[in-house]
Amino acid sequence: MMSRIWAGIDSGKGHHHGLALDSDGKTLLSRRVANDEPELLKLIGDVLDLADDGQVTWAIDMTGGEPALLLALLVNHGQEVLYIPGRLVNRASDGYRGEGKTDARDAYVIADQARMRRDLRPIRPGDEAAIELKLLTGRRADLVEDRTRVVNRLRGTLLGMFPALERALDVTNTGPLKLLTGYQTPAAIRRAGVARLTKWLANRKVRNARPLAETAVEAAERRHTAVPGEKTTAKQVHSLAQEVMALNEQISEMDKLIEGRFREHELADIVESVPGVGTVLGAEFLAAVSGSLDDFDSPDALAAFAGVAPAPRDSGKVSGSLHRPVTYHRRLQRVFYTSALISIRCDPNSRRFYDRKRAEGKKHVQAVLALARRRVNVLRALIRDRRCYQVAPPVTSAA
């Protein structure tokens, strides 16, 4: 009878590769299975049969997306599942025999690392709200990346045709984008003039229509030479401006969905009370920690997971050298760093801490990271005590 089984899953889109090891590292099962419920259930059953009454520990290289169905089945069967990041698997692979990369090899590395390591985090089912927030914030991040890409393309295209207008306009704002959907070339803007352009923008509910029109006409007056391909370039500017506006609308709609779902979570008021944490950052925080801090037994554990606790890098005579950890939750680090940066401007406690760190000789980024680390302690304490943040502690009267 097997006393302990370690099962590694190399996840994929249409198929996963499952591999089971015993306590000595001997392969007991290796199989490619379709990402379909009957085959996944068959794999789980076969691995459990190998263990008889022993314990099975599963390890996987993803926490959602492609292996979501498999994870749900494992949770429903009460199985222990560990998360081993893909970067860790790639680095560990160098220490194993053989060349090349196969799904079976990766599954073996995952299972063997789970067998030997004691620092892997378990995957536990989050609450429904946290799961929905993870999906919504992930979609928002994709939309923001798409917008950034299109804005950069718009700037590059406009720069090649009309550099003066590209310098004068902030194409991330609605007004300049609407202007570019109607007027792109210097000649067209000059023909329209300030009065007509102002009326055209005002009819489209653009704020500060006249200053924007004056800026555009002033840039056009300095340009009287048409560049080759100007008509085609103008069409591209028009199309890209419309695309950015459409993405802005989608992001705005996503923000409303995120805010509505975030407000329904029991920790929403506590998380949002921390200066610098709005609904989007708060939603990303809850999504990253699966809706609770039950998996983190100390502030240090949460800080390490968030990547705001520096790791030592000593060698030889060099000691006390610290660096950013290699493995951490990048979006959670963004939550703490961005909120710390914002809080410097709006929270006197954060400002004093930041100024003290700067006075100690730390650079700006180092001081902000130190503040982010301190805010981990604050937020964890607030959630533990179920109370909201206050700028100054309440004054209690003597009994």
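**Exercise 1. State which residues of H12 are buried, how many of its residues that makes, and what covers them.**

Solution. Step 1: take buried as under 20% relative accessible area, exposed as over 50% and partly exposed as in between, with a 1.4 Å probe and protein chains only. Helices are DSSP runs of H or I with at least four residues, strands are runs of E with at least two, and both are numbered from the N terminus. The model is predicted: local features need pLDDT of at least 70 and side-chain atom pairs count only at pLDDT 80 or more, while totals for chains, interfaces and linings use all residues. Residues are numbered from 1 along each chain as its sequence is written, and side-chain values use heavy atoms, with hydrogens and water left out.

Step 2: list the residues. In H12 the buried ones are Thr 279, Val 280, Leu 281, Gly 282, Ala 283, Glu 284, Phe 285, Leu 286, Ala 287 and Ala 288. That is 10 of its 10 residues, and H12 is mostly covered.

Step 3: find the cover, with contact defined as heavy atoms within 4.5 Å. The elements covering the buried residues of H12 include H5, helix H10 (230-263), helix H11 (268-273), H13, H14 and H16.

Step 4: look just past the helix. Ser 290, just after H12, has a positive phi of about 60°.

**Exercise 2. Determine how the buried residues of H9 and H3 are arranged around each helix axis.**

Solution. Step 1: start with the span of H9. Helix H9 covers residues 209-221, 13 residues in number, and extends 18 Å from first C-alpha to last, close to the 18 Å expected at 1.5 Å a residue. The expected span is 1.5 Å times one less than the number of residues.

Step 2: name the buried residues of H9, which are Ala 209, Leu 212, Ala 213, Ala 216, Val 217, Ala 219 and Ala 220. Around the axis they take up an arc of only 160°, so they are on the same side of H9. The arc is that of the directions from the helix axis to the C-beta atoms. Helix H6 (163-168), helix H7 (174-182) and helix H8 (186-203) are among what covers them.

Step 3: repeat for H3, where Leu 88, Val 89, Ala 92 and Ser 93 are buried. These fall within an arc of 135° seen down the axis of H3, and therefore line one face of the helix. The buried residues of H3 pack against helix H4 (103-116).

**Exercise 3. Describe the largest pocket and the largest cavity by volume and lining.**

Solution. Step 1: fix the terms. On a 1 Å grid over the protein atoms alone, a cavity is a set of points where a 1.4 Å probe fits but cannot get out; a pocket is an open set with protein on both sides within 12 Å along at least five of seven lines, and lining residues have an atom within 4 Å of a point. Grid points are joined across faces, edges and corners, and the volume is the space filled by probe spheres set on the points.

Step 2: treat the pocket. The largest pocket has a volume of about 1,700 Å³. Its lining holds 47 residues, with Thr 63, Tyr 83, Arg 121, Lys 134 and His 329 nearest the centre. H5 contributes the most, six residues. The lining of the largest pocket comprises 26 nonpolar, 10 polar and 11 charged residues. Here Ala, Val, Leu, Ile, Met, Phe, Trp, Tyr, Cys and Pro are nonpolar, Asp, Glu, Lys and Arg are charged, and the others, Gly among them, are polar.

Step 3: treat the cavity. One cavity of 30 Å³ or more is counted, and the largest cavity holds about 40 Å³ of space. Val 274, Val 277, Val 335, Phe 336, Ser 339, Arg 375 and Leu 379 line the largest cavity. H14 gives the most to this lining, with three residues.

**Exercise 4. Classify Asp 10 and Arg 373 as buried or exposed, and list their contacts.**

Solution. Step 1: Asp 10 is in strand E1 (residues 4-10). Asp 10 is buried, because its relative accessible area is 9%. Beyond neighbours within four places in sequence, Asp 10 is in contact with His 16, His 17, Asp 61, Asp 103, Asp 106, Ala 107 and Ile 110.

Step 2: Arg 373 belongs to helix H16 and counts as buried because its relative accessibility is 18%. Residues up to four places away in sequence aside, Arg 373 touches Pro 299, Asp 300, Ala 303, Val 308 and Ala 309. Arg 373 and Ala 309 are 64 residues apart in sequence and 6.6 Å apart in space, C-alpha to C-alpha.
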